[in-house]
Each structure stands twice: as C-alpha cells, then as structure tokens.
Amino acid sequence: MALCARAPAAAFPKLREGSRRRTRCRASEAAVPVAEEGRLERPRWSGETPLSKMVGALISFKPLYNLMKVASRQIIISTAEKANVPWRVMSKEILESDVYQLFDELRNPNLVYPDYYLNPFHAYEEGNLSWLLVILQRDKLCHPASEAEAATMSIAKRAIPDASSIEEATQRVRGPWLSAIENHHLKYSGNKCEIKDILDIGCSVGVSSRFLAEKFPSASVVGLDLSPYFLAVAEYRQRKEGRKKQIRWVHANGEATGLPAKSFDLVSLAYVCHECPARAIVELAKEAFRVLRPSGTIAITDNSPKSKVLQELSPVLFTLLKSTEPFLDEYYLLDLEEALRSAGFVNVTTILTTPRHRTVTATVPFDKI
C-alpha cells in the first residue's frame with residue numbers, strides 16, 4: 001500500500017515531553033514527532049555484554065530457538081491483525097498471482113550470494129530466498145516474499161504504538177525519514193545536485209522505493225535487492241498499481257551493484273544494515289560512494305542504538321528480536337557514522353526519526369574525482 005509522502009501536519013502529533021535528551025527532525029512539510037534517546041550508547045542486551053552473551057547462549061539452543069521463531073512471527077502477525085491488516089489475504093493474493101513468471105524475468109542467474117545472506121532471517125528458515133512453504137505450529141504456512149509488505153505495516157505500528165491506524169503509523173515512520181533526506185540534500189547539495197536518479201539498495205518488495213518515487217516524482221528510481229522473490233512481488237505491485245513512471249528493479253548485490261560510477265544523486269538503504277554483518281555495511285557504504293555523483297546524498301534509516309524504547313525493551317521482546325536478527329550485535333557495535341566518513345562521505349548527520357529509528361545522512365564531496 002503506497003501512501004502519499006507529503007502528509008498534513010495533523011498526521012504527526014507531538015509526543016509527551018520528558019526530561020531526557022530529545023532529537024527533533026524539522027520536516028519541511030510536516031511537524032515531526034519527537035524521539036527520545038536513552039542513557040546508553042547502545043542497549044545492554046546488545047554487543048559483548050554479559051546479558052547479550054546470555055541471550056546468545058539461549059538462542060543457540062536449537063529447540064528453544066525454534067520456539068522463539070514461532071513466537072516472534074506471531075507477535076508481528078498479531079500486531080498486524082489487531083490493526084486490521086489483512087495478512088493472510090495479502091499473502092494469498094501474491095501466491096496466486098503471476099509473481100512466478102516475474103521472478104524468471106527479474107532473476108540474475110549468475111549472481112553469487114554472499115554467505116551471510118543465506119542465513120535464516122525473520123523466523124523464515126529459508127531466509128529471503130525461497131517460495132517454499134515453512135510449516136509452523138497448527139499447520140500455519142509462511143512465505144517470506146508474500147508476507148513482506150504486511151510485515152512492514154505491522155512493524156510500523158509497533159514503532160508507533162499510539163497511532164490510531166496503520167496509515168497514521170506508516171506516515172509517522174516514513175514521513176520524517178523522507179523529510180530528513182530532503183532537508184539534508186537541500187542544505188548540503190541543493191544548488192549543486194538536483195535529485196534526478198535514486199538507488200534504493202535492499203528495496204525488498206519495493207515499499208521504500210515507492211515512497212521515494214512519490215517524494216521525488218521527477219526522479220528515476222532503481223530498486224535493488226539480493227532476493228529475486230522480493231523483486232517479483234515489487235514488480236507485481238507496480239503493475240497492479242499501474243504506475244506511470246516505472247521503478248526499475250535490479251537483482252544484484254548492494255556491495256557490488258555493477259551499476260555505473262557517478263550515476264545517482266541519492267542512495268537509500270532503508271532497514272537494511274541491521275540485517276548485515278559489519279563487513280558488509282562497510283562495503284555497502286563504499287559502493288554507495290562509488291555510484292553517487294559529486295554532492296550526492298546517502299541516507300540510511302534503521303534501528304537506533306540510542307533509542308530509549310529499544311534500550312528499555314523487556315527481556316522477552318529483546319530475546320525474541322535477537323533470535324530473528326543474526327547480525328544485530330554487529331550492527332549495534334559498528335560506528336556507522338565513522339564507516340561513512342571512512343568511505344569518503346562528509347556532512348555526516350544523525351537524527352532520530354521515530355522513537356526506534358535513526359536516519360543517517362551524508363554527502364559526497366562536490367570535488368569527488
């Protein structure tokens with residue numbers, strides 16, 4: 001479901017004031033909710049802390065891990081269904097469509113997948129690379145690509161629990177992210193580099209790509225992902241919507257896209273990095289720098305280690321979260337801002353754009369060779 005990125009101010013009500021540090025994104029078109037930082041650099045349950053190691057030991061026990069996967073999945077489905085997201089109807093529609101033919105059209109048979117991408121993700125044993133049915137308790141079936149959009153809606157609602165609807169939650173997640181991109185680019189590159197070409201790395205089923213296309217309607221958008229299954233769903237949605245300006249989907253590795261150097265003005269990675277080992281994040285930053293034009297912008301939105309909400313998750317929730325995210329510790333330990341500077345970026349800026357998420361933006365120097 002694509003929503004207009006330019007929401008009215010009423011869609012972004014203020015959150016309750018408190019005594020701790022706050023970070024506010026000043027959106028150009030809408031008031032943005034205040035997100036609160038915690039007292040720590042990262043959650044105690046992440047990294048190399050005793051608590052993190054204890055959780056890791058629990059997850060390594062296979063029978064318990066299998067139960068955790070089921071519980072994690074049920075939390076996401078329950079959140080969606082309570083918010084009137086037709087999870088099973090949406091999944092059935094995809095599986096009974098022509099996505100299989102689209103898969104054949106989009107898949108690059110010569111692509112070699114990085115080792116980390118073959119791990120289970122998000123309670124799916126096959127990760128992001130299968131139509132295979134995974135049998136869970138009570139004979140329920142799960143299909144990663146067919147459920148991705150419904151899961152995205154559910155996660156937005158969990159990020160903004162006081163939202164009255166999925167639509168409001170989605171706007172309060174996506175609106176500040178898009179405004180952060182626009183504001184950063186206007187501040188540091190506006191007179192030098194108009195956003196004409198956008199690359200969305202790790203686009204999944206195209207939700208973020210569609211938001212970017214709506215926010216910057218004159219730009220050409222390329223959505224790139226390692227999963228041809230996700231890309232097939234993205235193309236199915238695009239054809240169903242009948243978009244006038246088509247998004248182009250590319251099946252490739254974001255660490256080595258094969259796309260021409262200096263060919264984009266904006267590179268976005270939305271909720272990608274926490275699913276990658278640190279070495280992959282570093283390579284993603286380098287590749288983004290290569291394909292961006294001088295004065296181009298990179299924008300990374302993802303979980304914030306400094307989020308008060310994430311730092312105060314209950315033991316049950318953070319254990320379930322870590323059970324479905326194999327590289328979460330590496331993500332929280334990595335200095336993302338420094339990784340961008342090391343890749344060559346300047347004007348590195350971080351703001352909290354939801355109570356759970358940060359958006360990190362940076363610029364390619366205008367004199368890039």
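Here's a short back-and-forth about one helix residue and some aromatic pairs in this predicted model.

Me: Is Ala 159 buried or exposed?
Reply: Start with its place: Ala 159 is in helix α5, which covers residues 144–159. Its relative accessible area is 3%. Buried means under 20%, so Ala 159 counts as buried.

Me: Which residues does Ala 159 touch, leaving out those up to four places away in sequence?
Reply: Sequence distance isn't much of a guide here: Thr 354 is 195 residues away from Ala 159, yet their C-alphas are 7.3 Å apart. For contacts, the cut-off is heavy atoms within 4.5 Å. On that basis, the list for Ala 159 is Val 173, Pro 355, Arg 356 and His 357.

Me: How many aromatic pairs turn up in the whole structure, and what kind is Trp 45 with Phe 318?
Reply: The search finds seven aromatic pairs. For Trp 45 and Phe 318, the ring centres are 5.6 Å apart with 15 degrees between the planes. Planes under 30 degrees apart count as stacked, so this pair is stacked.

Me: How many residues apart are Trp 45 and Phe 318?
Reply: Trp 45 lies in the loop between β2 (35–36) and α1 (50–60), while Phe 318 belongs to helix α11 (residues 315–323). Both of them are buried. The pair links distant parts of the chain, and the separation is 273 residues.

Me: Which residues form one aromatic cluster with Trp 45?
Reply: Trp 45 already pairs with Phe 318. The cluster also takes in two tyrosines. Besides Trp 45, then, the members are Phe 318, Tyr 331 and Tyr 332.

Note on methods. Residues numbered from 1 in each chain as written. Predicted model: local features only at pLDDT ≥ 70, side-chain atom pairs only at ≥ 80, totals over all residues. Heavy atoms only, no water. Helix = DSSP H or I, 4+ residues; strand = E, 2+ residues; numbered from the N terminus. Buried < 20%, exposed > 50% of the residue type's maximum accessible area, 1.4 Å probe, protein only. Phe/Tyr/Trp six-rings, centres within 6.5 Å; stacked < 30°, edge-to-face > 60°.
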